[in-house]
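Trainee: Please take me through one part of this model in detail. I would like to look at how two helices pack, and at the core around them.

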Amino acid sequence: MRKFLLFFAIIIFINLPTYGYNGVITMNSISKIKPPSVAGTFYSSDKTALEKQINEFKKNNRNIYKTPTRAVIVPHAGLIYSGRLAYEGISQLDKNIKTIFIFAPAHRVPFEGLAVTSYDEWNTPLGNIRINKELTKELVTKFGAKINDEALAPEHSIEIELPIIQSVFEKIKIVPVLMGRVEPDKIKKIISHYYQNKEIGFVISSDLSHYLPDNTAKRVDNYTAQHIETCDCNNFTHELACGATGIIGLMNFANENNYSLIRIDMTNSSSTTFDKEKVVGYGTWFLYEGERNQFIKDNYSDFVLQVCREAIKNKNYEPSKLIYPQVFSEYGAVFVTLEKNGNLRGCIGSIIPQRTLIQDIITNSKNSAFADPRFNPVEKNEINEIKIAVSLLSIPKPIKFKDEADLLSQIRQNVDGIIIKDGNYQAVYLPSVWEQIPDKKMFLNSLKVKAGMRPDHFSKTFEAYRFETFYIKE
């Protein structure tokens, strides 16, 4: 009888409820753990080997940005191919984050909508990572997601991110969300809803082009990158990125909040396989809560001015000779202005982005010094006397108006740069011109004269565009 009572007491003790994270009562004996699906294929199943590989990513991390973020786009190929980029993206996430949503495309099981899991934890060779069950339930009740463990079981696009997340965050929960046939607006709404909580972050899992020749893939991926970096969702398809739904959702969220997506890096599988016949593209970006040009001004003003001066000193100065942050590989437009003794000595720039930002800075620095038709080329003995200013331009946007009075009412004094067009006539004023012409009417009339029009010219075909600039000055 005493043996029976002892045995019974042991059984009760084993099954006593325990208090888990957030005070939730769980039963030790019924914790539901998802086993890894792609350990041994997409990444090593050996803990020591996996830790060594991720430590190499950390050691060779080329991401130099110091701005924490709460949302990133990262690739999801095997760690040997895209793990470095995935690490650089995930390590950019704010370390105060407690839960990470992972939005990833379904490759193997077709379904409608969003799939979430019933599991409590997800196992990898590095241990178990907890799933935020409360937020998972909210996705079901508030956003129409479905529990679909069968769809998640063979999928790699979520699991491949987990060992990196585990290596970057000591304590973290995840909300794995597999995307089937679903509108990007659903992803945007989820991000918008949960972004209010500063302890929540977001990972958009996606590769870029698939199985194109290397040269073609680079052109396609550059096209894709331009869309991402300008948050332009037009013609953004799954042929450009398998996780297009999640990327568009994040782009729409960024557009609504005037945020930007900053490039961390881009590459493709040929960098590791050396096979250029069929490659897969990879890229990683982070969400910046502001405009890209503000980010550049705040973090890289000295670098921009240094590049300008070196380009003027050395006519053979080219981007290939530089190591620079990848934000300067994004397309951009700048004006470079040179002054000597307080007087203009050259000013040339671009209105529309036509090349990478680093190329535009170098090209317009040289052109301002040596190709402005209003001035003689800058001499070597003048260079140290010249002051440099750079205007980083936003993308021009059309102004819709019914007449000239309506146009004038919409122009923002001291803020807008203005481009006007009518037939073959065209001219532009930077916002800095407001310092010399503070009156709107005079500003517009002067711009017309610059374009070759009469000051009182106006017609039904008259066009106007606005843009903003961020100034960097010595």
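Mentor: Contact here means heavy atoms within 4.5 Å. Keep in mind that this is a predicted model.

Start with helix H11, residues 292–313, and helix H12, residues 357–370. Their axes come within 9 Å. They cross at roughly 45°, which makes H11 oblique to H12. The crossing is right-handed.

Now the side chains. From H11, the contact uses Ile296, Phe303, Val304, Val307, Cys308, Ala311 and Ile312. Facing them in H12 are Leu357, Ile358, Ile361, Ile362, Ser365, Lys366, Ala369 and Phe370. By class, the residues of this contact are 13 nonpolar, one polar and one charged. In soluble globular proteins, nonpolar side chains tend to be buried together.

Next, the core. The largest nonpolar core has 70 residues. H11 supplies the largest share of this core, ten residues. Phe328 and Val390 have the most contacts inside the core.

Follow Phe328. Leave aside its neighbours within four places in sequence. Phe328 then touches Ile296, Tyr300, Phe303 and Val304. It also touches Thr356, Leu357, Ile358 and Ile361. Check these against the helix pair. Ile296, Phe303 and Val304 are among the H11 residues that meet H12. Leu357, Ile358 and Ile361 are among the H12 residues that meet H11. Phe328 is in contact with each of these six residues.

Another core lies apart from the 70-residue one. This other core has 40 residues, including Ala71, Leu135, Phe143 and Phe253.

For a second helix pair, turn to H2, residues 47–59, and H3, residues 79–90. They pack at an angle of about 50°, with their axes 9 Å apart. H2 and H3 are therefore oblique to each other. Their crossing is right-handed. H2 brings Leu50, Gln53, Ile54, Phe57 and Lys58 to the contact. H3 brings Leu79, Ile80, Gly83, Arg84 and Tyr87. This contact has six nonpolar, two polar and two charged residues. Set that beside H11 with H12, at 13 nonpolar, one polar and one charged.

Finish with two loop residues. Asn258 sits in the loop between helix H9 and strand E13. Its phi is near 60°, a positive value in a residue other than glycine. Asn258 counts as exposed because its relative accessibility is 58%, and the cut-off for exposed is over 50%. Phe274 sits in the loop between helix H10 and strand E14. Its phi, also positive, is near 65°. Phe274 is exposed, with a relative accessible area of 68%.

Methods: Residues are numbered from 1 along each chain as its sequence is written. This is a predicted model: local features need pLDDT of at least 70, side-chain atom pairs count only at pLDDT 80 or more; totals for chains, interfaces and linings use all residues. Side-chain values use heavy atoms; hydrogens and water are left out. Axes are lines fitted to C-alpha atoms, for helices over the stretch in contact, and angles run from 0 to 180 degrees between N-to-C directions. Helices (H or I, at least four residues) and strands (E, at least two) are DSSP runs, numbered from the N terminus. Angles under 35 degrees count as roughly parallel, over 145 as roughly antiparallel, 65 to 115 as roughly perpendicular and the rest as oblique. A crossing is left-handed if the near helix is turned anticlockwise from the far one by less than a right angle, and right-handed if clockwise. Ala, Val, Leu, Ile, Met, Phe, Trp, Tyr, Cys and Pro count as nonpolar, Asp, Glu, Lys and Arg as charged, and the others, Gly among them, as polar. A nonpolar core is a set of buried Ala, Val, Leu, Ile, Met, Phe, Trp, Tyr and Cys residues joined through side-chain atoms within 4.5 Å. Buried means under 20% relative accessible area, exposed over 50%, partly exposed in between (1.4 Å probe, protein chains only).
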